[in-house]
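Work through the exercises below with the sequence and the structure in view. Each task is followed by a solution in steps.

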Amino acid sequence: QVQLVESGGGLVQPGGSLRLSCAASGSIFSIDSMGWYRQAPGKQRELVAGITSGGWINYADSVKGRFTISRDNAKNTVYLQMNSLKPEDTAVYYCNVLVVTTTRVRNHYWGQGTQVTVSS
């Protein structure tokens with residue numbers, strides 16, 4: 001019914017940058033909020049950044065000043081610009097979207113995950 005496709009992950013050196021994208025498609029009536037989560041080996045999944053339909057944004061303390069979340073409503077796409085990357089940013093990054101479908105059902109949907117590795 002709703003599909004999320006992520007892209008932009010990869011291997012980068014400390015101090016480098018990556019830009020993640022997550023495009024939602026399918027039976028979408030509206031999108032209330034979008035967010036990025038990450039999960040490192042042996043750790044719980046944590047919220048990295050979120051943005052509401054009204055434009056309110058929040059970030060995890062660990063990424064403030066380095067990461068920027070944005071959205072393109074026309075493309076149903078959310079982005080995560082990651083600068084000054086650190087080894088501790090290494091994780092699988094997942095996007096999550098709160099969607100109202102064309103049948104007026106409200107649900108969260110998860111992307112497939114994209115690996116981000118920060119290493120020399």
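**Exercise 1.** Find the residue that stands opposite Y37 in β5, then describe how the two strands are joined.

Solution. The model is a predicted one.
Step 1: the residue opposite Y37 in β5 is L47.
Step 2: strand β4 covers residues 28-39 and strand β5 covers residues 46-52; the two run antiparallel and are joined by six bridges.
Step 3: β4 and β5 make a hairpin with six residues between them, and G42 in its turn has a positive phi of about 80°.

**Exercise 2.** Follow β5 onward to β6 and state how these strands are connected.

Solution.
Step 1: β6 is made of residues 57-59, runs antiparallel to β5 and is joined to β5 by three bridges.
Step 2: within this pairing, A49 has Y59 in β6 as its bridge partner.
Step 3: four residues lie between the strands of this hairpin, where G55 takes a positive phi near 95°.

**Exercise 3.** Describe the faces of strand β11 and name the strands that pair with β11.

Solution.
Step 1: β11 spans residues 114-118; T114, V116 and V118 make up the covered face, while Q115 and T117 make up the uncovered one.
Step 2: β2 (residues 10-12) pairs with β11 in the parallel sense over three bridges, and the bridge partner of G10 in β11 is V116.
Step 3: β9 (residues 91-101) pairs with β11 in the antiparallel sense, also over three bridges. Here Y93 stands opposite T114.

**Exercise 4.** How many aromatic pairs does a search of the whole structure find, and what is the geometry of the pair formed by Y94 and W110?

Solution.
Step 1: the search finds two aromatic pairs.
Step 2: the rings of Y94 and W110 are 6.5 Å apart, centre to centre, with 85° between the planes. An angle over 60 degrees counts as edge-to-face, and the pair of Y94 and W110 is edge-to-face.
Step 3: Y94 belongs to strand β9 and W110 to strand β10 (residues 106-110), so the pair ties together parts that are 16 residues apart in sequence.
Step 4: ring pairs link Y37, Y94 and W110 into a cluster.

**Exercise 5.** Is Y94 buried or exposed, and which residue lies over the face of its ring?

Solution.
Step 1: the cut-off for buried is under 20% relative accessible area. Y94 has 16% relative accessibility and therefore counts as buried.
Step 2: W110, with a relative accessible area of 41%, is partly exposed.
Step 3: R45 lies over the face of Y94, at 3.8 Å from the ring centre.
Step 4: elsewhere, R104 lies over the face of F29, at 3.8 Å from the ring centre.

Terms used
Residues numbered from 1 in each chain as written. Predicted model: local features only at pLDDT ≥ 70, side-chain atom pairs only at ≥ 80, totals over all residues. Heavy atoms only, no water. Buried < 20%, exposed > 50% of the residue type's maximum accessible area, 1.4 Å probe, protein only. Pairing = 2+ DSSP bridges. Phe/Tyr/Trp six-rings, centres within 6.5 Å; stacked < 30°, edge-to-face > 60°. Lys NZ or Arg CZ within 6 Å of the ring centre and 35° of its normal.
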